[in-house]
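Colleague: I'd like a close look at one part of this model, the largest cavity. Could you walk me through what lines it and how that fits with the rest of the chain?

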Amino acid sequence: MVGDPISDDDLLSIVRAFFSALLSDYSLIDEEPAIRTNTTILLGNIASHLNEGTRKRVLINAFTVRALCDTFSPARGARIMALCATSAYYDVTEIATRILPNVVLLTIDPDRLSLDERFMNLFFCLSRFCFLGWLFLGRV
């Protein structure tokens, strides 16, 4: 072994620093917008390895708020797909108040090719929200 294992707090600070830098407003004018797309995909892939606190602080902000102002359509699509892929980590309140309002806004995307994907993912989010709502009410 070369060094000591990284603690969760250290890992959180490292992950947040790198992903914030890669997904920040500064990178929205980046000459290589595919980097934002790949960063989103990577964050979605490593979400299961992050602790719950880190997921709560990082995922929704990275996939919703910044997706609205990204000028690169594949990056917007990757963020919506990442939301769906990580949907098991969100509760009913987060889906209703933070995810669905942002996903609905992305359905008026000017990129016609990605609209089908947006509506499919909106349907998925709504289905998950309805299922969790029924679970919350004890009707499933």
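Modeller: Here is the cavity, with the fold first and the core alongside. Keep in mind that this is a predicted model. The chain has 6 helices and 0 strands, so to speak a plain α-α-α-α-α-α pattern when you read along the sequence. Of the 140 residues in the chain, 39% are buried. If you take contacts between residues at least 6 apart in sequence, 62% of them join residues at least 24 apart. The accessible surface of the chain is about 8400 Å², and carbon and sulfur atoms account for 64% of that.

Now to the cavity. Rolling a probe the size of a water molecule over the atoms shows where empty space is left. Searching the whole structure for cavities of 30 Å³ or more turns up 1, and the largest cavity holds about 50 Å³ of space. What lines the largest cavity? The lining is made of Leu83, Ser87, Tyr90, Ile95, Ile99, Cys125 and Arg128. Helices H5 and H6 are the elements that give two or more residues to that lining. By character, the lining residues split into 5 nonpolar, 1 polar and 1 charged.

Next, the packing. The largest nonpolar core has 21 residues, and Leu43, Phe63, Leu83, Tyr90 and Ile99 are the ones with the most contacts inside it. Helices H3 (52–65), H4 (73–85), H5 (92–105) and H6 (112–137) each give two or more residues to this core, with H3 giving the most, 5 residues. Leu83, Tyr90 and Ile99 turn up both among those high-contact core residues and in the cavity lining.

Ile99 is a handy place to centre your view. Leaving out residues up to four places away in sequence, Ile99 touches Ile60, Thr64, Leu83, Tyr90, Glu94 and Cys125. Among those partners, Leu83, Tyr90 and Cys125 are themselves lining residues of the cavity.

For another spot on H6, try Phe119, which lies in that helix. Is Phe119 buried or exposed? Phe119 falls in between: with a relative accessible area of 44%, Phe119 counts as partly exposed, because buried means under 20% and exposed means over 50%. Phe119 and Thr107 are 12 residues apart in sequence, and their C-alpha atoms are 6.4 Å apart in space.

Notes: Residues numbered from 1 in each chain as written. Predicted model: local features only at pLDDT ≥ 70, side-chain atom pairs only at ≥ 80, totals over all residues. Heavy atoms only, no water. Helix = DSSP H or I, 4+ residues; strand = E, 2+ residues; numbered from the N terminus. Buried < 20%, exposed > 50% of the residue type's maximum accessible area, 1.4 Å probe, protein only. Contact = heavy atoms within 4.5 Å. Areas by Shrake-Rupley, 256 points an atom, 1.4 Å probe, with all protein chains shown as cover. Core = buried A, V, L, I, M, F, W, Y, C linked by side-chain atoms within 4.5 Å. 1 Å grid on protein atoms, 1.4 Å probe; cavity = no way out; pocket = protein on both sides within 12 Å on 5 of 7 lines; lining within 4 Å. Points joined across faces, edges and corners; volume = space filled by probe spheres on them. Nonpolar A, V, L, I, M, F, W, Y, C, P; charged D, E, K, R; others polar.
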